[in-house]
Amino acid sequence: MTLPACPQCQSEYTYEDGDMLVCPECAHEWKAGETAADDEALVVKDANGAVLADGDTVVLIKDLKVKGSSMVIKQGTKVKGIRLQEGDHNIGCKIDGSPMNLKSEFVKKA
């Protein structure tokens with residue numbers, strides 16, 4: 001039996017892990033028989049490569065300047081209840097009650 005190529009990176013080196021198929025090159029996991037429509041969902045990864053989901057809590061890994069302000073958000077700030085969105089700044093959240101957009105490369109999953 002031949003296993004299907006990874007739907008995310010097209011690698012042919014996939015393997016079975018229980019009822020899941022796994023790609024060793026990009027770490028994508030999927031169930032056998034999933035359709036391509038399932039793979040079109042927004043996938044956002046943090047600085048360490050962990051997949052983020054709506055409602056997750058993340059921690060900033062570096063100080064970030066707020067554009068148009070003298071405010072700086074400090075490293076280690078915990079952000080609860082994130083929302084994933086399309087675009088360059090793919091995390092929507094509130095920090096100290098103010099709406100912000102962050103890049104996922106500057107956060108890690110808590």
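In this predicted model, three strands line up as an open sheet, and their order is β9-β6-β13. The pairing in this sheet is antiparallel. Strands β9 and β13 (107–109) sit at the edges with a single partner strand each, so one side of each has no neighbour in the sheet. As a bit of background, strands of a sheet pair through backbone hydrogen bonds, and they can do so in a parallel or an antiparallel way. Strand β6, which covers residues 58–60, is joined to β13 by 3 bridges, with the two running antiparallel. Within this pairing, Val-58 of the one strand has Lys-109 in β13 as its bridge partner.

Further pairing shows up around β11. On one side, β10 and β11 run antiparallel and are joined by 2 bridges. Here Leu-84 stands opposite Ile-91 of β11. These two strands make a hairpin with 6 residues between them, and in that hairpin Gly-87 takes a positive phi near 110 degrees. Strand β11 also runs antiparallel to β12 (residues 98–102), and 5 bridges join this pair. Gly-92 faces a partner here too, standing opposite Asn-101 in β12. The hairpin of β11 and β12 has 2 residues between the strands, and Asp-96 takes a positive phi near 55 degrees in it. What about the surroundings of β11 itself? Its residues are 91–95, and 4 of the 5 are buried, so the strand is largely enclosed by the rest of the structure.

Next comes Gly-81, which lies in the loop between β9 (78–79) and β10 (83–84). Is Gly-81 buried, partly exposed or exposed? Its relative accessibility is 38%, so it counts as partly exposed. Once neighbours within four places in sequence are set aside, Gly-81 is in contact with Gly-55, Asp-56 and Thr-57. Lys-94 is 13 residues away from Gly-81 along the chain, and the C-alpha atoms of the two are separated by 8.3 Å.

Two other residues are worth a look for their backbone angles. Most residues other than glycine have a negative phi. Gln-10 is not a glycine, yet it has a positive phi of about 65 degrees. It belongs to the segment before β1 (15–17), and Gln-10 counts as exposed because its relative accessibility is 55%. Ala-27 is not a glycine either, and its phi is positive as well, at about 65 degrees. This residue is found in the loop between β2 (20–22) and β3 (29–31). With a relative accessibility of 56%, Ala-27 counts as exposed.

Zooming out to the whole protein chain, how many helices and strands are there? The count is 0 helices and 13 strands, so to speak a chain written in β from start to end. As for its overall dimensions, the C-alpha atoms fill a box of roughly 60 × 25 × 20 Å along the principal axes. The radius of gyration is 17 Å, whereas a compact globule of 110 residues would have one near 13 Å. Of the 110 residues, 27% count as buried. The chain exposes about 7400 Å², with carbon and sulfur atoms supplying 47% of that area. Among contacts between residues at least 6 apart in sequence, 35% join residues at least 24 apart. Finally, the chain has 13 positive and 18 negative charges, and the mean positions of the two sets are 16 Å apart.

Notes:
Residues numbered from 1 in each chain as written. Predicted model: local features only at pLDDT ≥ 70, side-chain atom pairs only at ≥ 80, totals over all residues. Heavy atoms only, no water. Buried < 20%, exposed > 50% of the residue type's maximum accessible area, 1.4 Å probe, protein only. Contact = heavy atoms within 4.5 Å. Pairing = 2+ DSSP bridges. Rg over C-alpha atoms; globule rule 2.2 N^0.38 Å. Areas by Shrake-Rupley, 256 points an atom, 1.4 Å probe, with all protein chains shown as cover. Lys, Arg positive; Asp, Glu negative; His and termini not counted. Charge placed at Lys NZ, Arg CZ, Asp CG, Glu CD.
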